[in-house]
Amino acid sequence: MRKILIVGAGQSGLQLALGLQSQGYEITLMSNRTADEIRTGRVMSTQVMFRTALQHERDLQLAFWESQAPRIEGLGVSVAGPDSGRAVDWVGTLDGYAQSVDQRVKMAGWMETFARRGGQLVIHGAAVSDLDYFSRTYDLVLVSAGKGELVSMFGRDASRSPYETPQRALAVAYVYGLGPRPEHPRREAVRCNLVPGVGELFVTPTLTTSGRADILFWEGIPGGPLDVFRGIKDPAEHLSLTLELMERFTPWEYARATKVELTDANGTLAGRYAPTVRHPVGELPGGGLVLGVGDVVVANDPITGQGSNSASKCAASYLDSIVSRGELPFDEAWMRSTFDRYWDTARHVTKWTNAMLGTPPEHVLKLIGAASQLPGVADRFANGFNDPADFENFYYEPEKTNAYLAEAARAA
């Protein structure tokens, strides 16, 4: 039985640990927090998982909360106009529903499942020196903890990382009491509100520790009017500021948020990070090698809602690569080919996310505007969140965009 150590208990680390455990591997999982500490701690992210990522969980029989979480059937885009109204407003229909489960719920539940199924769970923050020792006692060491000292082992890949500094200031609030969009009162949808030159507000239905809720998520251009959450410690002040900015920049969303309240005292989060792709293999002081997983190696800005999706897809790809390896050694060549296989998927996410962080060119504005009149365009754009590779066919190049819009208009 091959022995594998996974450091980090996020979406990638836990999904991979549970998947390998189900295949008969002897798995040790290291986490710096217990399941109870995660469940009662601060929110860790926003997340909405689309069809492919959800299927990876179903395949491993890990979709424990599917019957409880809201079924998100659409994805809408609104663009603020100069008069505080909406210059663009549409919603596309998803081919398969999406769902969001607070990672405090999911990670705590998965960690308890891993331990209940006989996995060795070690509650301890890992340092490079720890991994130097463990690399000699395990067949493979995987690092899925995306922060702290361990990440420094994986050098930045400058050729795939165009940004050296954060491109957005992030601010999250989990709330109860958000009303429906009056134009779609019975339809659950992710709402992407674009405020040109200022930033974006995302609204996502979710399941949190105490039931159904919504996530209000501001992404502000650094130095702009949304970049005001740094240093705010009081959750109530965080929510008040969130609503104040909604009233100013997205009044159509504020109109349904006048009665919201935080889900819990730990329901807010603020921060920023530079989107970065890193080299996948880390070398330890003693010469051992470790393989990076998930956002350790590919950390995109959350503007395209791909974080948990990418983590799930990475875990699924790595699981297949590990099982297919059989009894052969997990050497450096295998590690690099394993990452390259995942990169075939991740590169499309990175390209699209980095494009969304910049000023949209004229043909993209035309595409987003056309979706208001052409439901097929809205649907295809919405389903690109599940399969970002499709954007290669109609998003990046003006010629492809114009040809697609002409074809869509004829079809309509």
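A residue is called buried when its relative accessible area is under 20%, exposed when that area is over 50%, and partly exposed in between. The exercises below apply this and related terms to a predicted model.

**Exercise 1. Strand S1 and its neighbours**

Task: Establish how many residues of strand S1 are buried, and determine in which sense S1 pairs with S2 and with S6.

Solution:
1. Strand S1 covers residues 3-7, and 4 of its 5 residues are buried. The strand is thus described as mostly covered.
2. Strand S2, residues 26-31, pairs with S1 in the parallel sense, over 5 bridges. Within this pairing, Ile4 has Ile27 of S2 as its bridge partner.
3. Between S1 and S2 the chain passes through helix H1, residues 11-22, and this β-α-β crossover is right-handed.
4. Strand S6, residues 140-143, also pairs with S1 in the parallel sense, here over 4 bridges. Opposite Leu5 stands Val141 of S6.

**Exercise 2. Positive phi angles**

Task: For Gln61, state the phi value, locate the residue in the chain, and decide whether it is buried or exposed. Treat Ser84 likewise, beginning with its phi.

Solution:
1. Most residues other than glycine have a negative phi.
2. Gln61, although not a glycine, has a positive phi of about 55 degrees. Gln61 lies in the loop between helix H3 (51-59) and strand S3 (72-80).
3. The relative accessibility of Gln61 is 64%, so Gln61 counts as exposed, the cut-off being over 50%.
4. Ser84, likewise a residue other than glycine, has a positive phi near 70 degrees. Its position is in the loop between S3 and strand S4 (86-98).
5. Because its relative accessible area is 38%, Ser84 is partly exposed.

**Exercise 3. Two cavities and their linings**

Task: State how many cavities of 30 Å³ or more the structure holds. Then describe the lining of the largest cavity by class, and do likewise for the second largest.

Solution:
1. The structure holds 3 cavities of 30 Å³ or more.
2. The largest cavity encloses about 120 Å³. It is lined by 16 residues, of which Leu54, Glu57, Gln99, Val101 and Lys106 are the closest to its centre.
3. H3 and helix H4 (103-116) each supply at least two residues of this lining; the largest share, 3 residues, comes from H3.
4. By class, the lining of the largest cavity comprises 6 nonpolar, 6 polar and 4 charged residues.
5. The second largest cavity has a volume of about 60 Å³. Its lining includes Val77, Cys192, Phe202 and Met356.
6. The lining of the second largest cavity has 9 nonpolar residues, with no polar and no charged ones.

Notes:
Residues numbered from 1 in each chain as written. Predicted model: local features only at pLDDT ≥ 70, side-chain atom pairs only at ≥ 80, totals over all residues. Heavy atoms only, no water. Buried < 20%, exposed > 50% of the residue type's maximum accessible area, 1.4 Å probe, protein only. Pairing = 2+ DSSP bridges. Right-handed = clockwise from strand over helix to strand, strands pointing away. 1 Å grid on protein atoms, 1.4 Å probe; cavity = no way out; pocket = protein on both sides within 12 Å on 5 of 7 lines; lining within 4 Å. Points joined across faces, edges and corners; volume = space filled by probe spheres on them. Nonpolar A, V, L, I, M, F, W, Y, C, P; charged D, E, K, R; others polar.
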